[in-house]
Each structure stands twice: as C-alpha cells, then as structure tokens.
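Trainee: I have some time set aside for going through a structure with you. Could we take it topic by topic?

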Amino acid sequence: VHTAWQMNEDNLDQFKIWIARAREKRLSPWISIRMNDVHNVDDEDHNLHGDFWRAHPEFRRVPYRGEMRDRALDFGHAEVREYTFKLLEEVTRRYDFDGLELDWMRHGFHFAPGREDEGRAHLNEFMKRVRRLVGPRKKIGVRVPSHPDTALRLGMDAVAWARSGAPGCSIRQAI
C-alpha cells in the first residue's frame, strides 16, 4: 500500500508504464478488472474497499448477513451497475489498452440469492454498454464459470454476450 501511495505522490501511473513497456516489447496490453471483490470485507475500513462500497451497505447482496459473499455488491441495483460502468469509463479514457478482461469469477456472486434470473438481463444490457464503450477495435474477454449452465445459474450469460454480435468479444473459461 505504501508503494502505491508513493507512486501516486510521485505522479507515476504504473498501468501507463506497463502498457508503454508492453508496446515496446510488441506485446498486446490488456487491462483486467475484478467485477466484484470481497477480500477483507470483515474489516469495513480496509483500504481495499472503495467509498461506494462503504457508503452503501444497502447495495450488498444480503445486507443483513455477515458472510463474505453476502457482502459483495448486488448488480441487481442500477446504482451498482452505473458505479461500475463509470469505473470502466475511467479506465477506458485513461489507458490505451488492446483488450479489457472483465473477471466475473474472482468472486462470482453478483445478485441477491434467488435473483440471478432477473439479474442476467441486467448483465446482458451492461455488457452491451461495455461493448459500445470500448468500441469495435478493442477486444473484450470475460472470465466466467467453465460450464454455461453454471454461469446461467449465477446470472452470467457469456454465450449470449459472445453471440450478441459484439466484435472482439470472447469467452475465456474459468478452470
């Protein structure tokens, strides 16, 4: 944490540095983003948590329970999707990457229990917005469960995302 703070103080953007170095080496730079991270959720003040997560416990999957996965943000809320989309807009504006990986599997619970079916429609629309955001020249990869039925039960329809005609959209299975 101190190193990240110091780099910020020194006006060094590690991702811009890495992307430039990748291009020098003729590598294709990608940015990977965890779509819902629940590390250290037992400590509300931990520095891994953003202000939005702290300020809005009502947007968590199961706000009244303390189990780790229940403290993940619930993408069934329009506010969660909009907040996340704005983060992706910032990344897209700031960095010259070739591909964007959205890791839906690091912690794969994105909806309140029993709300996965209706949530799937929300994620389908969200992914269409992401495709428009990054444009046709950049690739999108998604990390989802290895079996499509498992993904569907969790509210992720990566097959529909890939079939939606989105150029450059690929499916990478979690193993």
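Trainee: In which helix do Arg 21 and Glu 24 both lie, and how many residues apart are they?

Mentor: Before anything else, keep in mind that this is a predicted model. Both Arg 21 and Glu 24 belong to helix α2, where they sit three residues apart, about one turn of the helix. The two form a salt bridge, with 2.9 Å between the closest N and O atoms.

Trainee: Is Glu 24 buried or exposed?

Mentor: Glu 24 counts as exposed, because its relative accessibility is 56%, whereas Arg 21, with a relative accessible area of 46%, is partly exposed.

Trainee: And how many salt bridges does a search of the whole structure find?

Mentor: The search of the whole structure finds 17 salt bridges. As a general point, side chains of opposite charge can pair when their charged atoms come close. Among the pairs here is Arg 120 with Asp 117, whose side chains meet at 2.7 Å, N to O. Arg 120 and Asp 117 are three residues apart in helix α5, so about one helical turn separates them.

Trainee: What about accessibility for that pair, is Arg 120 buried or exposed?

Mentor: Arg 120 counts as buried, because its relative accessibility is 17% and the cut-off for buried is under 20%. Its partner Asp 117, by contrast, is at 58% and counts as exposed.

Trainee: Which residue meets Glu 82 in a salt bridge?

Mentor: That is Arg 129, with the side chains 3.0 Å apart, N to O. Glu 82 lies in helix α4 (residues 78-94) and Arg 129 in helix α5 (residues 116-134), so this salt bridge ties together parts that are 47 residues apart in sequence. Glu 82 is partly exposed at 30% relative accessibility, and Arg 129 is likewise partly exposed, at 27%. There is also a network of salt bridges that links Arg 23, Asp 96, Asp 98 and Lys 138.

Trainee: Staying with α5, what span should its 19 residues have?

Mentor: At 1.5 Å a residue they should span 27 Å, and the end C-alpha atoms are 26 Å apart, which agrees. The buried residues of α5 include Gly 119, Leu 123, Phe 126, Met 127, Val 130 and Val 134. After the helix comes Gly 135, which has a positive phi, near 85 degrees.

Trainee: Which residues have a positive phi although they are not glycine?

Mentor: Arg 26 is one of them, with a phi of about 60 degrees, and Asn 40 also has a positive phi of about 60 degrees. For context, most residues other than glycine have a negative phi. Arg 26 lies in the loop between α2 (14-24) and β1 (30-34), while Asn 40 is placed in the loop between β1 and α3 (51-55). Arg 26 counts as exposed because its relative accessibility is 78%, whereas Asn 40, at 33%, counts as partly exposed.

Trainee: Since β1 came up, which of its side chains are buried?

Mentor: Ile 31 and Ile 33 are buried and point to one face, while Trp 30, Ser 32 and Arg 34 point to the other face and are not buried. This fits the general rule that in a regular strand the side chains alternate between the two faces of the sheet.

Trainee: Which strand is β1 joined to, and how many bridges are there?

Mentor: Five bridges join β1 to strand β2 (residues 99-103), and the two strands run parallel. As one of the details, Ser 32 has Glu 101 in β2 as its bridge partner.

Trainee: Changing topic, how much space lies in the largest pocket?

Mentor: The largest pocket holds about 1,400 Å³ of space. Its lining is made up of 31 residues, of which Phe 15, Ile 33, Leu 48, Leu 87 and Val 91 lie nearest the centre. Ile 33 is thus a residue we have already met, as one of the buried side chains of β1.

Trainee: Which helix gives the most to that lining?

Mentor: That is α4, with seven residues, and α1 (2-9), α2, β1 and α4 each supply at least two. By class, the lining has 16 nonpolar, nine polar and six charged residues.

Trainee: Last one, where is Phe 109 found?

Mentor: Phe 109 is in the loop between β2 and α5, and at 32% relative accessibility it counts as partly exposed. Its C-alpha atom is separated by 9.3 Å from that of Phe 75, which is 34 residues away along the chain.

How values were computed: Residues numbered from 1 in each chain as written. Predicted model: local features only at pLDDT ≥ 70, side-chain atom pairs only at ≥ 80, totals over all residues. Heavy atoms only, no water. Helix = DSSP H or I, 4+ residues; strand = E, 2+ residues; numbered from the N terminus. Buried < 20%, exposed > 50% of the residue type's maximum accessible area, 1.4 Å probe, protein only. Salt bridge = Lys/Arg side-chain N within 4 Å of Asp/Glu carboxyl O. 1 Å grid on protein atoms, 1.4 Å probe; cavity = no way out; pocket = protein on both sides within 12 Å on 5 of 7 lines; lining within 4 Å. Points joined across faces, edges and corners; volume = space filled by probe spheres on them. Nonpolar A, V, L, I, M, F, W, Y, C, P; charged D, E, K, R; others polar. Expected span 1.5 Å × (residues − 1). Pairing = 2+ DSSP bridges.
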